[in-house]
Amino acid sequence: MDGTLVFDGRCGMCTRAAGRLDRLDRTGRLRIEPFQAPGMADRLGVPGDRPPKSVWWLDSSGAVSSGARAINSALSAALGTPVPLWIYRIPGVGAAQNVVYRWVAAHRYRFRGVTPLCEAEPQRCG
């Protein structure tokens, strides 16, 4: 499964997590882009004036998902195995991952991170 993980480029924790995922990419089938990149909101079908509340996954077929499912999709692409998505689909596991994801996303600016991508590479964020 090829695709693009879209994250909040103004968030240091999100930038750190995206960097770790990029280093795990053994397949070359994963692209990582900031939500703030020109035209990205339109590609996702999300209002661009709304701050990103979630990570997004845009797969090669054009299907879009968000939250914990997006993370599992990106991990599957990076590792070249569907196992993370299989685990996500186990009854109860996906729901638990979604709860944890929503909590982390709501508190993401409290976590330690790195220089946000939009500060480090402003040309990528439009």
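In this predicted model, Gly3 sits opposite Leu30 of strand S2. The path between the two strands is worth tracing: the chain leaves S1, passes through helix H1 (residues 12-24) and arrives at S2, making a β-α-β crossover that is right-handed. S1 and S2 (residues 30-34) run parallel, and five bridges join them.

Gly3 also has a partner in another strand, as it stands opposite Asp59 in S3. Here the pairing is antiparallel, with four bridges linking S1 to S3 (residues 56-59).

So how covered is S1 itself? Strand S1 spans residues 3-7, and five of its five residues are buried, each having under 20% relative accessible area. In a regular strand, side chains alternate between the two faces of the sheet, so it helps to look at each side in turn. On one side of S1 come Gly3, Leu5 and Phe7, on the other Thr4 and Val6, and all of them are buried, leaving both faces covered.Next comes the largest pocket. Its volume is about 510 Å³, and 22 residues line it. Met13, Ala17, Val55, Ile71 and Tyr101 are the lining residues that lie nearest the centre of this pocket. Several elements contribute to the lining: S1, H1, helix H3 (67-79) and helix H5 (93-106) supply at least two residues each. As for chemical character, the lining of the largest pocket holds 16 nonpolar residues, along with three polar and three charged ones.

How values were computed
Residues numbered from 1 in each chain as written. Predicted model: local features only at pLDDT ≥ 70, side-chain atom pairs only at ≥ 80, totals over all residues. Heavy atoms only, no water. Buried < 20%, exposed > 50% of the residue type's maximum accessible area, 1.4 Å probe, protein only. Pairing = 2+ DSSP bridges. Right-handed = clockwise from strand over helix to strand, strands pointing away. 1 Å grid on protein atoms, 1.4 Å probe; cavity = no way out; pocket = protein on both sides within 12 Å on 5 of 7 lines; lining within 4 Å. Points joined across faces, edges and corners; volume = space filled by probe spheres on them. Nonpolar A, V, L, I, M, F, W, Y, C, P; charged D, E, K, R; others polar.
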